[in-house]
Amino acid sequence: MERAPDPTIAVIGAGPAGLMAADVASASGAMVTIYDHMPSPARKFLMAGKSGLNVTRDEDPTTFRAAYRCPPLDPMLRAFGPPEVMAWMEGLGQNIFTGSTRRVFPRVMKASPTLRAWLARLDRQGVTLRRRWRWTGWDGDALTFETPAGPATATPDTTVLAMGGASWRRLGSDGAWAALPGLAPLTAPFAPSNVGLRIDWSAPMIRHFGAALKSIALRAGDMDSRGEVVISAKGLEGGGLYSLTPALREDPPLTADLKPDLTEDTVAARLAKPRGKASLSNHLRKTLRLTPPQIALLREFGGDLVDLPGLIKRLPIRHSGLHDMDEAISTVGGLRWDALDETLMLRDRPGTFAAGEMLDWEAPTGGYLITACLATGAWAGRHATDHAARIKACGTSS
């Protein structure tokens with residue numbers, strides 16, 4: 001029997017999802033070409049790892065998957081979850097460690113060594129990377145591109161789309177693909193995720209710009225979060241806030257608990273201690289150990305400070321909504337799940353798969369985003385390879 005030729009796979013997008021799809025497909029023997037419209041690959045990946053590449057979390061698998069609140073992702077995260085991400089990093093020669101918050105990092109704390117090792121492996125596996133090739137859609141079965149040399153086409157056996165969401169446009173994730181005729185009807189509108197809040201601060205808050213609010217809890221709608229939040233000139237930023245983005249998009253009241261480990265009765269009892277000649281700020285510091293940024297926040301939003309224990313436990317945070325989408329770390333929206341089958345193949349275009357942030361899911365920061373990009377990339381890459389292999393086998397004479 002004649003051996004079927006190696007399948008050919010196009011991967012459009014050179015971020016983590018696209019590179020992982022190419023990695024899995026090429027390791028299986030497929031001939032893979034990656035197309036990206038930027039002059040260099042994985043720019044958002046590099047920026048995310050500039051001050052510490054948090055690749056995943058070393059935590060209970062059920063707890064980990066629950067953070068996504070997206071059941072369609074479950075099989076992909078089961079197949080390529082935190083243990084697989086950690087093994088993948090070590091396979092690239094990157095030493096990793098788990099921090100006190102269960103976040104996993106490379107010891108070098110940067111993304112560039114990981115990317116260099118990854119690109120070298122893809123090169124060894126025969127992957128071709130075409131830079132400054134912008135995909136413009138389909139012409140029948142052919143992919144069409146704008147390239148530095150003019151229009152071009154390609155006709156692979158299968159295609160993996162991994163073009164990202166719609167934030168950080170300068171790094172390549174512009175979401176322009178969502179307007180293409182073949183994809184626009186399948187796409188849910190983009191919205192910001194993992195993004196800060198706009199707040200018009202009063203003048204006394206200026207001296208606290210850049211200060212961290214630690215050991216507080218935030219609540220919006222049915223969501224709670226504990227983590228560090230930073231006071232910025234534009235409002236509030238930080239991981240302790242970003243996880244509430246799904247609720248904040250619905251514009252519910254946002255409240256802060258400045259002493260989440262104490263009951264309101266305990267707060268009231270401590271505040272009832274004799275104050276003497278101490279100022280209110282000193283009294284708050286001595287009795288409750290509130291920090292200057294916490295006290296400033298209390299004064300900013302506490303009005304006349306009537307019912308001080310209640311304000312400390314449920315301080316209303318007045319804001320002007322979320323920052324713009326291009327200031328967001330990630331986005332929600334993109335290809336709808338009902339447009340895809342269980343292999344991540346487009347139902348309306350057999351042989352075309354999708355992965356990464358261009359799918360309609362979101363997750364908090366802290367390793368969740370990168371893990372799901374890698375997991376969906378691996379899933380799409382494997383199924384695209386299997387699909388292409390079946391096409392080749394059916395066309396082989398015996």
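Contacts that bridge distant parts of the sequence are a useful place to start with this predicted model: among contacts in the protein chain between residues at least 6 apart in sequence, 69% join residues at least 24 apart. The elements along the protein chain comprise 13 helices and 21 strands, and the C-alpha atoms, taken along the principal axes, fill a box of roughly 95 × 40 × 35 Å.

From the overall arrangement one can turn to what is covered and what is not. The protein chain has 398 residues, of which 55% count as buried, while its accessible surface comes to about 18,000 Å², with 52% of that area belonging to carbon and sulfur atoms. As for charge, the protein chain carries 46 positive and 41 negative charges, and the mean positions of these two sets lie 9 Å apart.

The cysteines deserve a closer look, since the structure holds zero disulfides. Cys 70 takes part in no disulfide, and the nearest cysteine sulfur to its own, which belongs to Cys 373, is 12 Å away. Cys 373 is likewise in no disulfide, with the sulfur of Cys 70 as its nearest cysteine sulfur at 12 Å. A disulfide requires a pair of cysteine sulfur atoms within 2.5 Å, so the 12 Å between Cys 70 and the nearest cysteine sulfur does not meet that limit. How buried or exposed are these two residues? Cys 70 is buried, with a relative accessible area of 10%, and Cys 373 is also buried, at a relative accessible area of 8%; both values fall under the 20% that marks a residue as buried.

How values were computed
Residues are numbered from 1 along each chain as its sequence is written. This is a predicted model: local features need pLDDT of at least 70, side-chain atom pairs count only at pLDDT 80 or more; totals for chains, interfaces and linings use all residues. Side-chain values use heavy atoms; hydrogens and water are left out. Helices (H or I, at least four residues) and strands (E, at least two) are DSSP runs, numbered from the N terminus. Buried means under 20% relative accessible area, exposed over 50%, partly exposed in between (1.4 Å probe, protein chains only). Contact means heavy atoms within 4.5 Å. Accessible areas come from the Shrake-Rupley method with a 1.4 Å probe; for residues, only the protein chains shown count as cover. Lys and Arg count as positive and Asp and Glu as negative; His and the chain ends are not counted. The place of a charge is taken as NZ of Lys, CZ of Arg, CG of Asp or CD of Glu.
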